[in-house]
Amino acid sequence: MLQKKRVTELLEVVDLSHVANKKVKTFSGGMKQRCAIAQALSVDPPILLMDEPFGALDAVTRARLQDMLFDLWSGQASQKTVFFVTHDVDEDLLLANRIVVLGQSPSNIIYECKLSDEQRPTRETQFDNLETMKLRNELIRQINKDVVTHIS
């Protein structure tokens, strides 16, 4: 009975309670992603590894899931560590409190920065804040600099 309660809670958290009795094969891509997040959270891990979890989604579903993940993370009493792998610089800036840019093979850290809660942009301010735009440009500059060294 405790497991059923936990499943119900997590389906509500990821906004899937309305499909609790449906087969996963009938789910859309976004629904499957939310289901996978609920599944990962069900074991209450101290560290959550997410490798390009929103990469294949449309822009609206992606934004909703980013916001949901951020709300889940920021709402945790003991904040979990979420190790989030993405190739999307804007996604980094929205979700991260620490950004580590890895270079090409052999992989190494080519750039690293930390963002305080005050520095992290919101979806509404991400393109208006001069400091955010400078950081975005620096991240892209570092990535491009690394790419150039590997294609020359």
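**Entry 1: Ile 47 and its surroundings**

I looked up Ile 47 and found it exposed, with a relative accessible area of 54%. I assigned the word "exposed" because the relative accessible area is over 50%. The model I am reading is a predicted one. I located Ile 47 in strand 1, which covers residues 47-51. I then asked which residues form a nonpolar patch on the surface with Ile 47. They are Leu 49 and Phe 83, and the three together have about 350 Å² of accessible area.

**Entry 2: the chain as a whole**

I noted five helices and four strands in the chain. Read along the sequence, I recorded their pattern as α-α-β-α-β-α-β-β-α. I took the extent of the C-alpha trace along its principal axes, which is about 55 × 35 × 30 Å. The chain has 152 residues, and I found that 33% of them are buried.

**Entry 3: strands 3 and 4**

I next examined strand 3 (residues 98-102) and strand 4 (residues 109-114), which run antiparallel and are joined by five bridges. A hairpin of six residues connects strand 3 to strand 4. For the partners across the pair, I found Leu 102 opposite Ile 109 of strand 4, and Val 101 bridged to Tyr 111 of strand 4.

Which side chains of strand 3 are buried, and which are not? I found that Ile 99 and Val 101 point to one face and are buried. Arg 98, Val 100 and Leu 102 point to the other face and are not buried. I set beside this the general rule that side chains in a regular strand alternate between the two faces of the sheet.

**Entry 4: the largest pocket**

I looked up the largest pocket and recorded a volume of about 1000 Å³. It is lined by 31 residues, of which Phe 84, Val 85, Asp 92, Arg 98 and Val 100 are the closest to its centre. I also listed the elements that give two or more residues to the lining: helix 3 (59-75), strand 2 (81-85), helix 4 (89-95), strand 3 and helix 5 (130-151). I noted that Arg 98 and Val 100, which are among the residues closest to the pocket centre, point to the face of strand 3 whose side chains are not buried.

**Entry 5: positive phi angles**

I checked two residues that have a positive phi although neither is a glycine. Asp 15 has a phi of about 60° and is found in the loop between helix 1 (2-13) and helix 2 (29-42). Glu 52 has a phi of about 50° and is found in the loop between strand 1 and helix 3. Is Glu 52 buried, partly exposed or exposed? I entered Glu 52 as partly exposed because its relative accessible area is 27%, and partly exposed is the class between 20% and 50%.

**Entry 6: Val 148**

I placed Val 148 in helix 5. At 46% relative accessibility, I counted Val 148 as partly exposed. How far is the C-alpha atom of Val 148 from that of Gln 33? I found a separation of 34 Å for this pair, whose residues are 115 apart along the chain.

Note on methods. Residues numbered from 1 in each chain as written. Predicted model: local features only at pLDDT ≥ 70, side-chain atom pairs only at ≥ 80, totals over all residues. Heavy atoms only, no water. Patch = residues over 30% accessible without salt bridge, like charges linked within 9 Å, V, L, I, M, F, W, Y side chains within 5 Å. Areas by Shrake-Rupley, 256 points an atom, 1.4 Å probe, with all protein chains shown as cover. Salt bridge = Lys/Arg side-chain N within 4 Å of Asp/Glu carboxyl O. Buried < 20%, exposed > 50% of the residue type's maximum accessible area, 1.4 Å probe, protein only. Pairing = 2+ DSSP bridges. 1 Å grid on protein atoms, 1.4 Å probe; cavity = no way out; pocket = protein on both sides within 12 Å on 5 of 7 lines; lining within 4 Å. Points joined across faces, edges and corners; volume = space filled by probe spheres on them.
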